[in-house]
Amino acid sequence: MFPSMERLTPLETGFEGYPADYVTHNVPFVVLSGLQTDEEGDGAEVPLSFRDGALRIRCELPPVTGVQAKQVLDTFRKFERRNDQWDPRPVLSGSNVMGFKFRSVGRTYELLPRKAKPPSHELGYDPPGSPASRSPPLWVLHSPISPLTPGSSLFPDGVMTPEWLAKHQLYIPSVFLAFFSFSEDPARNSLTDNQLKSEINNIKATLYRSEYKTKLAIVLVGDHSINDVSDIEERLNNIRRATGLDAKTGLFFLPSTDSSTQLLSFVDGVLTALQPGCVEYYRDLTKHARRKKGRGNIPAPTAPPTRGTSQTLAALGWGIRYDFKLGVFAEFRQEMESACRHYTAALESLLGPDGIFETTASWSPRWDESRVLADIVAMRILRCLLWSNLTSTAVQSWSNYRYRLRELVDRRGKGSSNYGWEAWESRWSRMMAELVKRAQLSFFSGGTEREANVYAPVEKSIPIGERIRPFDHLHHSGYWYRMAARHSRRRRRLAIELPQDDCMPPGQSPASVMASRYGTYDTYLCPEPWQERPNSERRTYNHSKDIFNALEKAQGHFRFQPRVREELCLDMARELIRNKQYSEAMKLLFRLWINMSWRKDQWWDLVSEVTRNLHDCAKQLGDAKVVAATEFELLSCALSPLKNHTYNLLRCCENLTHRSSESLIPEDVLELDTQSVTAPLSTTFTFSVAEGNAGEPLSAQLVVVSLAQAGSAPILFDAIDVKFSGASFSLRLKHIEKPEFKHGQVQELSVEGLDESIRIAEANLELPEGQTLGFQFPLTFRDASLVSVGSITFTISTPVAQIRFSSIPETLAERPRWLKTGPRGFISMPVAREDSHTVHILPRPPKMEIKVSNTEPHFYTDEEVQLEIELINGEDEASEVHLQMTLLSDDGPASFQWRMKENGSTHLSSANENLLELGVINPAEKKSTEISFIAPALPTRYAVEVKVTYYLQSDATTPISKNLNFEFNVTRAFEANYEFQPRIHPLPWPSFFNPTNIPVEVPEGSTRHGIAQRWELFSRIASFTYEGVIISKVDLRLESISSHAMAIITPNHHEADEIEIAPQQQIDRSFSLDVEKNSLDDRRAVEIELVLAISWHRPRSGKIFTSHLPVNNFVLENGPRVLAAVSYPSLPMRKVEDDEAEDEDSLQIVQLTFMLENPTNHFLTFEISMEGPRTDAEWALSGVKMGGLNLLPLSREEVSYRIMPLSTNDGEMSEGRWLEVRLRVMDVYFRKVLRCIPASAGIREAEGKSGSLLVWTGRKHD
């Protein structure tokens, strides 16, 4: 029944020993006819049971050949589901094809017969009608592999055979897909099409006669002679009608193409169209099997059994058979839930209280057949559950079957206390590992440690809150391989314990022993005892290879579990050492020894075993370097001591029988560190203080403590190198013999090579077992930084190689301590600092003094700022000094100039930018310099940093620096308020009616061309200084003016040139501004920008600075306007009556003049109305009260009024008062009232009253 198996071959997947057809995942089977034949022939060889009566499909047309045919076949192969892909995903991304099993054949294919032939005389059955025949007159024929057919392997009481699965997976297709060449030849098209129709109809007829429901589909492969598919559409329709093929699922046309993308799309479309038909085919088979199961009676056999048992297969067996068939057909349809239900029913019938095992003897071959079937059904249940992501259910199903089978074997079989049961346990674990691996579960396929999971989460079907065992969480494949290795080791132990008498070959054992052996040992899918028990004289089962393969596969899945990987690696090495494969074992152990995490976790037993095994393997292979490296770690007292082992690092390689020229350590120097070995010593490095200064020596101490095994030889160091982080040098301690040295004393060392990158000290570096070495030495650091010990490296010379062991501060295990020499050895003093191997080197304290003198308490805008810097050398020796100055304002870095003072004189230095070299300054010597710059015109804030960097002549490489920082403000010295008012220009305007007034020719030197206007700027200047200053001059400067005009500025004051102004004091200044355009035709407005320039100096300094105060920008419009001015004319003395006193000021007359200007080219008419006083006793008015005024273009007219105030109050008459007047001037055409603008002193606009003016009646007005 089963194919031959080499039972001495170690297991790989666990499926070995089972028929391949039982294990293979079932997918729809499609025969590809007319393409290239498979390399192995027409597929699997037809079983002997089916060779008689096979129906042959034959086609006379040649197969499709050429490059395109090969490409088509290769493309179909891409959609074939591999046997290691047991998951529900499509075979190709972007496609919905679930996967097929293809078999490429030629033009001939044999279909297996549905019914077996009648039994022959050779089988012991007489044909019907013979005198000796007792059979019925007619044969009842069944399938060749049915339990009812004589000659079948299942006859008469077998349940299932793998030949049935091979029948549906390898021989009976769901679709017969035939390929034919299709070309365009007008002379032969009709003949070719008729041949195609005939061959297709013949294939259909053959399939019909076979009584199988295999579907037929045709693919016509076009060649390059067909340029347009539309030309052959009629031919295709004709072929389809003549053959009765379905247009969507029965006939396909493939145009000639060289594009692999188009070909892939075509094949995907063909398979997508065929897929529902394939599913329907296996659904029909399911219905047929369900009908046979439901008929309730057992069919009669073709002939009654005449050999072996006389019983035929019972009803329970037929139920198992049909449930298994239904599950397989459900797998063909990829309906895994339905398949799982049928498989579960079959397994329950197999293992139930009335199952097959209860009625079958354990010595019968049917017992092993039933066990194989039970294993396969249980395996297929697991595959279905994993397909549906029911991970916890799959684990529980795996465990339940294991427990139930063990109970069955203990009760009905040969027990579970033998090597056969452990062999099955190992196989069952491997099968689970392969199932999990081939299921390709997403939560086990992560590429990083965060994405990958050790075990699957709880499936959704389990209620929330229900507690399940940790074992019921599905673990990755490595877990199951590891379990398989564990059972394989138990199998080997039981095999070794087998009695010698039971392990004799069959020809050398008595019959009684053979009978006893057969009833004692379970050899299900495993060798006999004489082949199982290890024996060096003959070939037996290789248990070590079996275990090693399982461990190796398990290690590949524990990617993100380093401790388990290390444990598996150690187990693999143990198996290799057991088989004396020292070379492979040493390679594994060396990788493990270098990187194992057990040192960090302090699992010393495992570290000891790894190091000891590596040491032994290296000795066997003569690898002296590895021997020396492992001897160094074996010296550590943390590891378990070895019996009969001499601990001597310098002589560890003397007893090697041979030395190999190749080593796992190719370098001549063995680089070791605390991560790769456990050292037989510990080190501490301690600085005496936490902080020190650059250039000043500080004391440090290095302590080395021996942690070697008791009775070991002393360790002699050639050198100890200490590297510092943050320092420019390293320290080396060299060995030198010191006869006077005694252990227990701190060695006081002197350090040489202060200017070198390596500083050297000499000491006795021999470290006996259990002793301590203490070294104390001074260290001088030149640069300010945080200095810490980077590494401490010990160099040991052995006859085979030099060992360099490095220790870093993070792994210094001993508590920091400071040693002193006492009368009886070391006196240990604890160090309070935890980071004793770190010291903070501060800059050397500078003694150069910086003074900034001769500075004003306050600085003002536009002033020259001078700062004097004085340096005093307080060092004990001369210094090379560099002065750096940084000046920052609110707007960023500012520029300045250096001025050196030498011999009482000041000169500009040639320094570059902000760095000045002052040269050598002797002790207690002073040197001064000065910086100067002009303060900006706007207030700002300055930050000054003065940095002095100098080098002592005794140490020209160590810079010493000192900084001085201060700030100061620059403020405005003055602020001013401005009033800008129009004035009446005294010169007449040009008139078109007075030719003498029109400037026909401009006099030489004159620039007048247009109308002139006068304005007055009144400024009130306030001092914002902190002390009194002297104002030398106040000017109004014209910054800019429109290009079509000019302006002349005239001051209106004649005060003294030097005026001292106190803080917060104010002074007034006014200026007249005459603006004239360049042309009379220019009507544009004039923009003017003014600046008030104030020249001033401090009282104790004659250096004058000019501060510029910006005045508002003014826009002078060009339009009609009314200017109002007052004057106070002198009237003649009136006649005095006899009874009156003579009073010259008794009559006060105010001359009020309104100047109406028309600078336009238009004729303007204005209405003028003057409102009189509100009461007759207030004031009297003389002038036009209401009238009209016509203004010619470019002209102006004056309207005057005289006002005499009337009051009975003599004080008001003498001092003056404000009278309110109102003149209304309106443009007749535009009906616009012009504003009356005050244009002189003594008149102003009334607040809150539009159009009203206030006129002062006094003679003087402030």
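Three exercises with worked solutions follow, on a sheet, a cavity and some aromatic pairs.

The model is predicted: local features need pLDDT of at least 70, side-chain atom pairs count only at pLDDT 80 or more, and totals for chains, interfaces and linings use all residues. Residues are numbered from 1 along each chain as its sequence is written, and side-chain values use heavy atoms, with hydrogens and water left out.

**Exercise 1. Work out the strand order of the sheet that holds strands 36 and 40.**

Solution.
- Fix the terms. Strands are DSSP runs of E, at least two residues, numbered from the N terminus. Two strands pair if DSSP finds at least two bridges between them.
- Read the order. Four strands make an open sheet, 35-36-40-38, with antiparallel pairing.
- Find the edges. Strand 35 (974-983) and strand 38 (1045-1051) each pair on one side only.
- Take the twist. Neighbouring strands are turned by 25 degrees against each other on average, direction ignored. The axes behind this are lines fitted to C-alpha atoms.
- Check one pairing. Eleven bridges join strand 36 (residues 1012-1023) to strand 40 (residues 1066-1077) in the antiparallel sense. Gln-1013 faces Val-1075 in strand 40.

**Exercise 2. Describe the largest cavity and its lining.**

Solution.
- Set the rule. On a 1 Å grid over the protein atoms alone, a cavity is a set of points where a 1.4 Å probe fits but cannot get out; lining residues have an atom within 4 Å of a point. A volume is the space filled by probe spheres set on the points.
- Count. Two cavities reach 30 Å³ or more.
- Size the largest cavity. Its space is about 170 Å³.
- List the lining. It has 15 residues, and the closest to the centre are Ile-1011, Gln-1013, Lys-1077, Asp-1082 and Asn-1118.
- Assign the source. Strand 40 gives the most to this lining, with three residues.
- Sort by type. The lining holds six nonpolar, three polar and six charged residues. Here Ala, Val, Leu, Ile, Met, Phe, Trp, Tyr, Cys and Pro are nonpolar, Asp, Glu, Lys and Arg charged, and the others polar.

**Exercise 3. Characterise the ring pair of Phe-182 and Phe-253.**

Solution.
- Apply the cut-offs. Rings of Phe, Tyr and Trp (its six-membered ring) pair if their centres lie within 6.5 Å; planes over 60 degrees apart count as edge-to-face.
- Count. The model has 50 aromatic pairs.
- Classify. Phe-182 and Phe-253 are edge-to-face, 5.8 Å centre to centre, with 80 degrees between the planes.
- Locate. Phe-182 lies in strand 5 (residues 175-182) and Phe-253 in strand 7 (residues 251-254), so the pair ties together parts 71 residues apart in sequence.
- Test burial (under 20% relative accessible area). Phe-182 is buried at 0%, and Phe-253 is buried at 15%.

Definitions and conventions:
Axes fitted to C-alpha atoms, helices over the stretch in contact; angles between N-to-C directions. 1 Å grid on protein atoms, 1.4 Å probe; cavity = no way out; pocket = protein on both sides within 12 Å on 5 of 7 lines; lining within 4 Å. Phe/Tyr/Trp six-rings, centres within 6.5 Å; stacked < 30°, edge-to-face > 60°. Buried < 20%, exposed > 50% of the residue type's maximum accessible area, 1.4 Å probe, protein only.
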